[in-house]
Amino acid sequence: MADITQVSPAPRERSRGAGLGTGRRRPLNRRAAKAWLYLLPAVIFYASFAIWPALNTFYLSFLNWDGVQPPSWAGLGNYVQIVQDPALYNSVLNALLLIVFFSFIPVCMGLLMTALLMGRMRRGMAFFRTVLFLPQVLPLVAVGVTWRWLYNETGLFNQFLELIGLGGITRAWLGDYDLALIALGFIGTWTMSGLCMLLFLSGAQKIDPALYEAATLDGAGAFRQFRSVTVPGVRREITIAGVITTIAALASFDLVFVTTNGGPADQTTVPALLVYRLAFNEGDIGTASALAITLTALVIGFVTLIRRLARENA
């Protein structure tokens, strides 16, 4: 009997506990519902202008369609055309080469400028930040027009070469068959270096000064401190810069369109420019969509690779 008396309150306690548990869940559910209510406009906007167009482009990539007549099913034919068409294949190779100029060189230059600005050179840092970050606030169309003038036969670049005695190599750089893509790539280098520098400087300023003091006590010089303290401290910023600049290289359009429009002889043609031409000039919506999907897959692949390499080195 004693046991029955002791056991009997348990259901009440369980029922109270269940009631309390239910009471705790209700505010959580209400908060979650309220949070989703606040997020709903952004979700609808993102789904309407990002997810749905992407899915629709993926569907169009399997069609033969000129945008006017009824479409017909093409299967993987548009993707096979990308591999077999030299113009489409070369545009992808050009975009891969631009990664060197838009991403690798700017990251190296950003680290170099960070090392210089984080050293003894404290005075005038705001001026250097403003000047080097200036290309990021300028419209790329204006950047392209300016550099097209700098690179022409009578431009400032050729005038400088003549001034230092190298007049024999002057030329219209963006019209040269062999050097046009490299000349275009250096415009991207100039555009992206300031962004990398600013990211690395922001990350370097968060490094504990005690680490530099300890390195100094251990006899580490400036280069050793930069390699052992600064670079590991800005690893996350290096990853971000690598992702941003790689996407800029693979998806570059406006800078190419303004400076060379893909010339000479398609030597600077990139996938984004071909997507525009195929869709709006030639009316081949299916192939343009397939190339856009291929370009998106390339971007996702490179971004995933960069993030994985950064995680392994962390």
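The exercises below, each with a worked solution, concern the chain fold, the nonpolar cores and the salt bridges of one predicted model.

In this predicted model, local features need pLDDT of at least 70 and side-chain atom pairs count only at pLDDT 80 or more, whereas totals for chains, interfaces and linings use all residues. Residues are numbered from 1 along each chain as its sequence is written, and side-chain values use heavy atoms, with hydrogens and water left out.

**Exercise 1. Describe the secondary structure of the chain and the annotated transmembrane regions.**

Solution. Begin with the secondary structure, which comes to 14 helices and two strands; these are DSSP runs numbered from the N terminus, with helices being H or I of at least four residues and strands E of at least two. Next, turn to the UniProt record, an unreviewed entry, which places the feature "transmembrane region" at residues 35-55, 95-119, 131-151, 179-201, 238-258 and 285-306; such positions are given in the numbering used here, feature names are shortened, and annotations may be inferred rather than shown by experiment. Then examine two of these spans in the model: residues 238-258 are 86% helix and 0% strand, with end C-alpha atoms 29 Å apart, while residues 285-306 are 100% helix and 0% strand, with end C-alpha atoms 31 Å apart.

**Exercise 2. Locate the largest nonpolar core and state which helix gives the most to it.**

Solution. A nonpolar core is a set of buried Ala, Val, Leu, Ile, Met, Phe, Trp, Tyr and Cys residues joined through side-chain atoms within 4.5 Å, where buried means under 20% relative accessible area, exposed over 50% and partly exposed in between, using a 1.4 Å probe and protein chains only. Buried residues make up 35% of the 314 residues in the chain. The largest core has 30 residues, of which Phe102, Tyr151 and Ile187 touch the most other members. Among the elements that give two or more residues to this core are helix 4 (86-117), helix 11 (235-250) and helix 14 (285-313), but helix 8 gives the most, with six residues. Finally, follow Phe102 outward: leaving aside neighbours within four places in sequence, Phe102 is in contact (heavy atoms within 4.5 Å) with residues including Leu184, Gly188, Met192, Ala248 and Leu255. A second, separate core of 17 residues includes Leu111, Met118, Ala204 and Tyr212.

**Exercise 3. Find the salt bridges and decide whether each partner is buried, partly exposed or exposed.**

Solution. A salt bridge is a side-chain nitrogen of Lys or Arg within 4 Å of a carboxyl oxygen of Asp or Glu, and by this rule the count comes to three.

- Asp176 and Arg171 meet at 3.2 Å, N to O; Asp176 counts as buried at 17% relative accessibility, whereas Arg171, at 30%, is partly exposed.
- Glu237 pairs with Lys206, their closest N and O atoms being 3.6 Å apart, and this pair links distant parts of the chain, since Glu237 is in helix 11 and Lys206 in the loop between helix 8 and helix 9 (209-217), 31 residues apart. Glu237 is buried at 10% relative accessibility, while Lys206 is exposed at 65%.
- Asp266 pairs with Arg277, the closest N and O atoms being 3.5 Å apart; because Asp266 lies in the loop between helix 12 and helix 13 and Arg277 in helix 13, the pair ties together parts eleven residues apart in sequence. Asp266 is partly exposed at 42%, and Arg277 is buried at 18%.
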